[in-house]
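Welcome! Please take a moment to look at the chain below, and then we can walk through it together.

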Amino acid sequence: STTMQRIINSVPNSNICGENFGAINSLLEFYKRIKTTTFDYVPGHLRPASYEDIISKDVKPSWYNSYNFQQTVSMIKILIASLFKNKEATNMWGFKEIRYDNGDIKYLKEFKELFPQTKVVIQIRGNITAQSQSSWLKKDKNALQYLNTLNNEFYNFYNQNKEWCYFTTFEKMFDMENIKKIFEFIDCSQYYDQSKIKQILDNNIKD
């Protein structure tokens, strides 16, 4: 995923950041909860009733809230964008993340709702037997089952959201035609530079 991050960062005026320990998932969960609170429970919804009005109408104030939903959503969007848009000229920004197990990939739908222009590249390891022997997983006796379940979740999510998701594998990393299709998918085909991409693939950077 880090190599894919570097490949996409070859696009001019892009800023694809690294992992954030799933912090964005937490923000998207907050957005989802505040949205549910607003539309399902708050008296008045987008125009929340005042405490005095609720009491005068003999309504229990258990879901009384006074926040402005549109303003709250705007601040969430500003916060997320500020994490990744590092300068004014940056017109493509984002991040790579691996923490989407246990169904957390569903949060990407909330991201898409906040930022309709979102494009997601989902990359898995096709050879899960080799992946199960990685330093992270080799001590887990259930690694193969875990990876198989995870990959199925990713593929199902892709199938349900093909218009804004691209599915690929680690094994296709060196397939220039596949990389070219990814650039087309993110609307950056004019910046596909095979020599630059091969240079990235040839350069092993240590952590």
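What follows is a short tour of helix packing, aromatic rings and a few single residues.

Before we start, please keep in mind that this is a predicted model.

**How the helices pack**

Two packed helices are described by the angle between their axes and the distance between the axes. Helix 2, which covers residues 23-40, is a good place to begin. Its axis and that of helix 4 (residues 69-84) come within 11 Å and cross at roughly 170 degrees. An angle over 145 degrees counts as roughly antiparallel, and helix 2 and helix 4 are therefore roughly antiparallel to each other. On the helix 2 side, the residues that meet helix 4 include Leu27, Phe30, Ile34 and Phe39. Helix 4 brings, among others, Val73, Ile76, Leu79 and Leu83. The residues of this contact between helix 2 and helix 4 divide into 14 nonpolar, two polar and one charged.

Helix 2 also meets helix 5 (residues 107-114), where the axes come within 9 Å and cross at roughly 75 degrees. That crossing makes helix 2 roughly perpendicular to helix 5. Among the residues in contact are Asn25, Glu29 and Lys32 of helix 2, together with Tyr107, Glu110 and Phe111 of helix 5. The contact of helix 2 with helix 5 is made up of six nonpolar residues, one polar residue and five charged ones.

**Aromatic rings**

How many aromatic pairs does the count come to? The count is 15 aromatic pairs. A pair of aromatic rings is described by the distance of the centres and the angle of the planes. Here are two of the pairs:

| Pair | Centre to centre | Angle between planes | Arrangement |
|---|---|---|---|
| Tyr158 and Phe167 | 5.5 Å | 40 degrees | tilted |
| Tyr166 and Phe185 | 5.6 Å | 45 degrees | tilted |

Tyr166 lies in strand 4 (residues 165-169) and Phe185 in helix 8 (residues 176-185), so their pair ties together parts that are 19 residues apart in sequence. Is Tyr166 buried or exposed? Tyr166 is buried, as is Phe185. Tyr158 also counts as buried, with a relative accessibility of 18%.

Elsewhere, Phe84, Trp93, Phe95, Phe111 and Phe115 form one aromatic cluster. Phe115 has a charged partner too: the charged end of Lys77 sits over its ring, 5.9 Å from the centre. In a similar way, the charged end of Lys106 sits over the ring of Tyr107, 4.5 Å from the ring centre.

**A residue in strand 4**

Thr169 is found in strand 4 and counts as buried at 15% relative accessibility. Which residues is Thr169 in contact with, leaving aside its neighbours within four places in sequence? Those contacts are Gln123, Ile124 and Gly126. Thr169 and Phe95 are 74 residues apart in sequence, and their C-alpha atoms are 18 Å apart in space.

**Two asparagines in loops**

Asn13 lies in the loop between helix 1 (2-8) and strand 1 (14-17). Although it is not a glycine, Asn13 has a positive phi of about 60 degrees. This residue is partly exposed, with a relative accessible area of 39%.

Asn102 lies in the loop between strand 2 (92-95) and helix 5. Its phi is positive as well, at about 55 degrees, although Asn102 is not a glycine. With a relative accessible area of 67%, Asn102 is exposed.

Methods:
Residues are numbered from 1 along each chain as its sequence is written. This is a predicted model: local features need pLDDT of at least 70, side-chain atom pairs count only at pLDDT 80 or more; totals for chains, interfaces and linings use all residues. Side-chain values use heavy atoms; hydrogens and water are left out. Rings of Phe, Tyr and Trp (its six-membered ring) pair if their centres lie within 6.5 Å; planes under 30 degrees apart count as stacked, over 60 as edge-to-face and the rest as tilted. Buried means under 20% relative accessible area, exposed over 50%, partly exposed in between (1.4 Å probe, protein chains only). Helices (H or I, at least four residues) and strands (E, at least two) are DSSP runs, numbered from the N terminus. A charge sits over a ring if NZ of Lys or CZ of Arg is within 6 Å of the ring centre and within 35 degrees of the ring normal. Axes are lines fitted to C-alpha atoms, for helices over the stretch in contact, and angles run from 0 to 180 degrees between N-to-C directions. Angles under 35 degrees count as roughly parallel, over 145 as roughly antiparallel, 65 to 115 as roughly perpendicular and the rest as oblique. Contact means heavy atoms within 4.5 Å. Ala, Val, Leu, Ile, Met, Phe, Trp, Tyr, Cys and Pro count as nonpolar, Asp, Glu, Lys and Arg as charged, and the others, Gly among them, as polar.
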